[in-house]
Amino acid sequence: MCGLCGAFAGSDHWTAGTGAGGSLTPTADRRARAACANEVLRLYGLRLDEWAGRFTLRSRTGRMAVVEHLGALWPEAEKLVGQPCDPLDPAVIERIERSR
């Protein structure tokens with residue numbers, strides 16, 4: 001499916017629920033989720049942005065993927081960097097905690 005047609009499709013996934021008690025707009029909620037994911041993704045040289053009700057995942061080299069919901073994020077991240085991307089890896093968690 002092309003990007004334009006995909007922009008009109010809906011995406012129902014549990015990760016797309018209303019965060020922050022429903023006090024944010026859907027766009028603001030997706031941006032907040034992307035900001036959280038970016039704490040981990042930056043360790044792999046990736047960046048996630050909200051786009052038209054979805055997310056765009058970009059690498060430092062310019063590779064990109066459109067991600068429907070956060071449930072599809074990590075497999076796409078692994079494809080872009082060519083290695084496992086585990087947000088629950090103890091080494092990843094330690095690096096994030098040290099950076100705070």
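Let me begin with Arg31, which sits in helix 2 and is exposed, with a relative accessible area of 54%. I should say at once that the model in front of you is a predicted one, and that what I say about Arg31 and about the other residues should be heard with that in mind. Across the fold from Arg31 I would point you to Phe55: the two residues are 24 positions apart along the chain, and their C-alpha atoms are separated by 8.9 Å.

With that residue as a starting point, let me step back to the overall layout. The protein chain contains 4 helices and 3 strands, and if you read along the sequence the order of these elements is α-α-β-β-β-α-α. Of the 100 residues in the protein chain, 31% are buried.

Now to helix 2 itself, and its relation to helix 3. In general, two packed helices are described by the angle between their axes and the distance between those axes. Here helix 2 covers residues 26-41 and helix 3 covers residues 73-81, and their axes come within 13 Å and cross at roughly 40°. An angle of that size is the reason helix 2 is called oblique to helix 3, since angles under 35 degrees would count as roughly parallel. As for the hand of the crossing between helix 2 and helix 3, it is right-handed.

Staying with helix 2, I would like to move to Glu39, which also lies in that helix. Which residue does the side chain of Glu39 meet in a salt bridge? The partner is Arg100, with an N to O distance of 2.8 Å. This pair links distant parts of the chain, because Glu39 belongs to helix 2 while Arg100 lies in the segment after helix 4, residues 90-99, and the two are 61 residues apart. The partners also differ in class: Glu39, with a relative accessible area of 26%, is partly exposed, whereas Arg100, at 71% relative accessibility, counts as exposed. There is a further contact in space to note for Glu39, namely that its C-alpha atom and that of Val92 are separated by 9.8 Å, although the two residues are 53 apart along the chain.

Let me widen the view to charge pairing as a whole. Side chains of opposite charge can pair when their charged atoms come close, and this structure holds 6 salt bridges. I will take two others besides the one just described. One of them joins Glu68 to Arg54, with the closest N and O atoms 2.8 Å apart. That pair, too, links distant parts of the chain, with Glu68 in the loop between strand 3, residues 64-67, and helix 3, and Arg54 in strand 2, the separation being 14 residues. Is Arg54 buried or exposed? At 3% relative accessibility Arg54 counts as buried, while Glu68, at 31%, counts as partly exposed. Another of the salt bridges is formed by Arg47 with Asp49, where the closest N and O atoms are 3.2 Å apart. Arg47 counts as partly exposed at 47% relative accessibility, and Asp49 counts as partly exposed at 24%.

From there, we can follow the chain to the end of strand 1. Trp51 is found in that strand, which runs over residues 46-51, and at 36% relative accessibility Trp51 counts as partly exposed. Trp51 contributes to a nonpolar surface patch of about 260 Å², made together with Met64 and Val66. A residue needs over 30% relative accessible area to enter such a patch, and the 36% of Trp51 therefore satisfies that cut-off.

Just beyond comes Ala52, in the loop between strand 1 and strand 2, the latter covering residues 54-59. Its backbone deserves a careful look, since the phi of Ala52 is near 50°, a positive value in a residue other than glycine. With a relative accessible area of 40%, Ala52 is partly exposed.

Finally, let me turn to the other side of strand 1 in sequence, where Gly45 is found in the loop between helix 2 and strand 1. Gly45 is buried, with a relative accessible area of 10%. Where the chain returns to it, I would draw your attention to Val81: Gly45 and Val81 are 36 residues apart in sequence, and from C-alpha to C-alpha they are 8.0 Å apart in space.

Key:
Residues are numbered from 1 along each chain as its sequence is written. This is a predicted model: local features need pLDDT of at least 70, side-chain atom pairs count only at pLDDT 80 or more; totals for chains, interfaces and linings use all residues. Side-chain values use heavy atoms; hydrogens and water are left out. Patches are made of residues with over 30% relative accessible area and no salt bridge: like charges are joined within 9 Å, nonpolar side chains (Val, Leu, Ile, Met, Phe, Trp, Tyr) within 5 Å. Accessible areas come from the Shrake-Rupley method with a 1.4 Å probe; for residues, only the protein chains shown count as cover. A salt bridge is a side-chain nitrogen of Lys or Arg within 4 Å of a carboxyl oxygen of Asp or Glu. Buried means under 20% relative accessible area, exposed over 50%, partly exposed in between (1.4 Å probe, protein chains only). Axes are lines fitted to C-alpha atoms, for helices over the stretch in contact, and angles run from 0 to 180 degrees between N-to-C directions. Angles under 35 degrees count as roughly parallel, over 145 as roughly antiparallel, 65 to 115 as roughly perpendicular and the rest as oblique. A crossing is left-handed if the near helix is turned anticlockwise from the far one by less than a right angle, and right-handed if clockwise.
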